[in-house]
Amino acid sequence: MALSESFLQELRFKTDIEDVISSYVSLKKRGSTSVGLCPFHNEKTPSFTVYNDTQSFYCFGCGVGGEAITFIRKIENLDYIDAVKLLAQRAGLQMPDDGFDDSLSKNRRTILAINRETAKFYHSYMLSDQGRTGYDYFINRGLTPNTITRFGLGYAPDKWDALFKHLKSKGFKPSDMVSAGVVKLSKNKERYYDNFKNRVMTPIIDVRGNVIAFGGRVLDDSKPKYINTNDTMVYKKTNEVFGLNLAKDSKSDSLILCEGYMDVIAMHQAGFTNAVAGCGTALTNEQVRLISRYAKEVILAYDADEAGQKALNKAINLFKQTDIKIRIPTLKGGKDPDEIIKKFGRDKFKAMLDGASNDIEFHLFDLRGKYNLASSQGKIDFLKEALNVLAPTTPIEQDIYITRLSDELGVEKGSIRLQLDQLIKKNSSRQKTREYKAIVNDSIRQGQRISHEANTSVKKLKAEERVIGLLLKYPSCADLCSDFSSELMTEGFYRKVYELLTDRIAKSLDTELISLSGFLSESEMSRLSEISAKNQVSNNCKKEFTDCLKTIKAESSADAYGVAKLSDDEYRNLFKKNT
């Protein structure tokens, strides 16, 4: 059952989408709308738009859209009910006692409770005489008892079912333990056993303080060295950043991004309480976007080995797609921050961080080592690559580094500037062509997919989209639907939304997007928000609505399936005509 209409109406009145989103995204007014950098994909030019009149948002870059509930679901990785609870708490509202399906939310809370109890069990066991081996491991790694407690570190017993028995004694179901990823079921499905055995344990905690996963490390050189929780209902490693729950309270505008959990823990112990690490083997776009919500600058303190430098270059490329500043220190004297701090102490490591260069200087320094700058050809080859580094930067940055390169290489500044301007112009032209082709090709693929799957024409799909848009904007158009069967609408999204809107209008219920989100998936809300965002005012809504219904009827009986019979070039021409 859905939430009561009265509760949703009150939540809608007390929730302003711009206030909600501005807690996560820096928004700027643009007429009646507000724009910002999308938190759901990396971009430097704002394409994320908030519509105050419809209390909705839509990103023209990645196609994500919705209203306040959908936004919270996506950005906080919550299910529908938990997202509503968060907004209700924010608005000072009490959730209704019943009348809605809370099963998914309950499952989520059960998994979080299992994780919390598991973390307590591992930590308590480590502090017992039986778990002394795990405690000694952390102490020998240079951690203090206070640090061990602060990060909730623990030790998984060298037994097959110690945790399973403990959780069972607490009343948890075996199936829920498996869902949490802390227990496994044998292949013959005859017994349950612990996922982690004889390993030191690091709990992974999200920004809300929930234990969502674990990382386990062996005490010797046996394989596998590390075992981590697989993705669960509450954990997706590509979305999470280890240590952010503590680092976000460091009162620093910067975060120090490391490779491993132990680096983060050692840095926090040394006073660098803004250190974090990505979960998983490689940094992801989702992690970069999460980091950018809590910092204006990131210091990339990656390991000095080949794998670390490869990961560093990937991280640089990911962060360059955002507006967050990056700096790269030159780490010397150890393979990672943990080792350097142990060898040389906090002050020496701090000096390395303070001397960190920006990504431009880092790349230019790296290039210098590849060429003989004493020779003319070396200078030419170096400058050619250096200009590729400078092309995406701001005019001020370009001027600063052009001046430096001119002085360093003895080349006229004007010549360097001329070459750079030509490169920028060429890159800009190529980029616009790529972007246009991407938009057209995406539209072709989407149109072909929907048309083939639904076995219908593009003309009909466009008419159906306009019908939905008109119902959203002019609910009175539903009066014209008496002799129109919803069965004529394309099966799936269009029919589902049409029936939802007409049913609500018939019952005198509102058609605000926030009231619809409980009936639609996130992807369906994105499509509906796109329709809402592109919805045009009609000079004669009822005539246009009637015309669209006629088109749908005609196309439904026609033996033509639009895109299914169009070539790519024909579809491109159709796309041009309709934009």
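# Legends to close-up views of a predicted model

**View 1. The sulfur of cysteine 541 lies 4.0 Å from that of cysteine 477, its closest cysteine sulfur, which is too far for a bond.** The model shown here and in the following views is predicted. A disulfide requires two cysteine sulfur atoms within 2.5 Å, and the separation of 4.0 Å between cysteine 541 and cysteine 477 is therefore too far. Cysteine 541 is a buried residue, with a relative accessible area of 16%. By the same distance rule, the count of disulfides comes to zero.

**View 2. Cysteine 258 is buried and forms no bond to its closest cysteine.** The closest cysteine sulfur to that of cysteine 258 belongs to cysteine 279, and the distance of 13 Å is too far for a bond. Cysteine 258 has a relative accessibility of 2% and so counts as buried.

**View 3. The protein contains 25 helices and 17 strands.** Its C-alpha atoms fill a box of roughly 80 × 80 × 45 Å, taken along the principal axes. Of the 579 residues in the protein, 48% are buried.

**View 4. An open sheet is formed by five strands with antiparallel pairing.** The strands follow the order 1-2-3-4-5. Strand 1 (28-30) and strand 5 (65-66) are the edge strands, and each of them pairs on one side only. Within the sheet, strand 2 (residues 33-36) and strand 3 (residues 48-51) run antiparallel and are joined by four bridges. Glycine 36 stands opposite phenylalanine 48, a residue of strand 3.

**View 5. Helix 20 is largely enclosed by the rest of the structure, because 12 of its 16 residues are buried.** The helix covers residues 458-473. Its buried residues include Val458, Lys460, Leu461, Ala463, Glu464 and Arg466. Val467, Ile468, Gly469, Leu470, Leu471 and Leu472 are buried as well. At 1.5 Å a residue, helix 20 should span 22 Å, and the distance of 23 Å between its end C-alpha atoms agrees with that expectation.

**View 6. The second largest pocket has a volume of about 1,200 Å³.** Its lining consists of 41 residues, and those nearest the centre of the pocket are Tyr226, Glu259, Gly260, Tyr261 and Gly280. By class, the lining residues of this pocket divide into 15 nonpolar, 11 polar and 15 charged. Several helices and strands each supply at least two residues of the lining. The helices are helix 6 (132-140), helix 11 (261-269), helix 13 (306-319) and helix 14 (337-344). The strands are strand 9 (199-205), strand 10 (211-217), strand 11 (226-228) and strand 13 (254-258). Helix 13 provides the largest share of the lining, with four residues.

**View 7. The structure holds one cavity of 30 Å³ or more.** The largest cavity has a volume of about 70 Å³. Among the residues lining the largest cavity are Arg12, Thr15, Asp16 and Ile17. Thr54, Gln55, Glu67 and Ala68 also belong to this lining, as do Glu512, Leu513 and Ile514. In terms of class, four residues of the lining are nonpolar, three are polar and four are charged.

Definitions and conventions: Residues numbered from 1 in each chain as written. Predicted model: local features only at pLDDT ≥ 70, side-chain atom pairs only at ≥ 80, totals over all residues. Heavy atoms only, no water. Pairing = 2+ DSSP bridges. Buried < 20%, exposed > 50% of the residue type's maximum accessible area, 1.4 Å probe, protein only. Expected span 1.5 Å × (residues − 1). 1 Å grid on protein atoms, 1.4 Å probe; cavity = no way out; pocket = protein on both sides within 12 Å on 5 of 7 lines; lining within 4 Å. Points joined across faces, edges and corners; volume = space filled by probe spheres on them. Nonpolar A, V, L, I, M, F, W, Y, C, P; charged D, E, K, R; others polar.
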